[in-house]
Amino acid sequence: MFCVLQVRHYRVIYHLLEDIGQLIVNKAPGVLEDQVAGQAQVLSIFEIKGKGSAKVGSATIAGCRVFEGRITRAFSAKVLRSGEVIYEGRFKSLKREKLDVEAVGKGNECGLILDDFGTFEVGDVIQCIESVRKKPRFVSSESGSVKIEC
């Protein structure tokens, strides 16, 4: 891949360095970084039994209260028990007052089901994990020094 700088005449070298640094930063793909978008604590557990001998439709629902940020259905989930991660996966269902919702904010209660996980215990913490693309930053100082921070 070729990059073309706009042809300019530079009187001071750090102006050239700033332009090159900005070009590098703008073209950099960045890295994905996981951040906790919200946390909820399991207050109660509900078992829903399916119909028939195969028990199709059985589920374990965690009744939770969000105590930090937002729980968002589209993000991934972690279950922590005594500070240790015991599950990482996706949300299967998120409900607030019997309505399907995309997100539940701090201070609200909700019911949630996770994919392939049903061994909740009261006191478990469910974290909502958002993957954020972190781009590098170009930093220059008055002394003329430049650097790229990741």
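**Note on the predicted model: core, strands and cysteines**

1. Core. The largest nonpolar core has 19 residues, and those touching the most other members are Cys64, Phe91, Leu112, Leu114, Phe120 and Ile126. Two or more residues each come from S1, S2 (59–72), S3 (76–81), S4 (84–96), S7 (109–114) and S8 (125–134). S2 contributes the most, four residues. As background, nonpolar side chains in soluble globular proteins tend to be buried together. Please read all of this as a predicted model.

2. Overall make-up. The chain holds one helix and ten strands. The helix comes at the N-terminal end of the order, which reads α-β-β-β-β-β-β-β-β-β-β. There are 150 residues, and 28% of them are buried. Among contacts with a separation of 6 or more, 63% link residues 24 or more positions apart. The exposed area is about 10,200 Å², with 52% of it supplied by carbon and sulfur atoms.

3. Strand S7. Why is S7 described as largely enclosed by the rest of the structure? Because five of its six residues are buried. S7 pairs on two counts. It runs antiparallel to S2, joined by four bridges. It also runs antiparallel to S4, again with four bridges. For the S2 pairing, look at alanine 62, which stands opposite leucine 112 in S7. For the S4 pairing, look at lysine 95, whose bridge partner in S7 is glycine 111. Leucine 112 is also one of the core residues that touch the most other members.

4. Leucine 114. This residue is on the same list of core members. Which residues does leucine 114 contact, leaving aside neighbours within four places in sequence? They are Ala77, Val79, Tyr87, Arg90, Phe91, Lys92 and Phe120. Of these, Phe91 and Phe120 are named with Leu114 among the core residues that touch the most other members.

5. Strand S1. S1 covers residues 31–48. It pairs with S2 in the antiparallel sense over ten bridges. Serine 44 illustrates this pairing, with glycine 63 as its bridge partner in S2. S1 also runs antiparallel to S8, and ten bridges join them. Here glycine 38 has cysteine 128 in S8 as its bridge partner.

6. Glutamine 39. Buried or exposed? Glutamine 39 counts as buried because its relative accessibility is 14%, and the cut-off for buried is under 20%. The residue lies in S1. Beyond four places in sequence, its contacts are Arg65, Val66, Phe67, Glu68, Ile71, Val125, Ile126 and Gln127. Ile126 is one of the core residues that touch the most other members. Lysine 106 is 67 residues away from glutamine 39 in sequence, yet the C-alpha to C-alpha distance is 8.5 Å.

7. Cysteines. How many disulfides does a search of the whole structure find? Zero. Cysteine 64 is in none, and its nearest cysteine sulfur belongs to cysteine 110, 5.1 Å away. Why is there no bond from cysteine 110? Its closest cysteine sulfur, in cysteine 64, is 5.1 Å off, too far for a bond; a disulfide needs the sulfur atoms within 2.5 Å. Both residues are buried. Cysteine 64 counts as buried at 1% relative accessibility. Cysteine 110 counts as buried at 7%. Cys64 also returns us to the core, as one of the members that touch the most others.

Notes. Residues are numbered from 1 along each chain as its sequence is written. This is a predicted model: local features need pLDDT of at least 70, side-chain atom pairs count only at pLDDT 80 or more; totals for chains, interfaces and linings use all residues. Side-chain values use heavy atoms; hydrogens and water are left out. Buried means under 20% relative accessible area, exposed over 50%, partly exposed in between (1.4 Å probe, protein chains only). Contact means heavy atoms within 4.5 Å. A nonpolar core is a set of buried Ala, Val, Leu, Ile, Met, Phe, Trp, Tyr and Cys residues joined through side-chain atoms within 4.5 Å. Accessible areas come from the Shrake-Rupley method with a 1.4 Å probe; for residues, only the protein chains shown count as cover. Two strands pair if DSSP finds at least two bridges between them.
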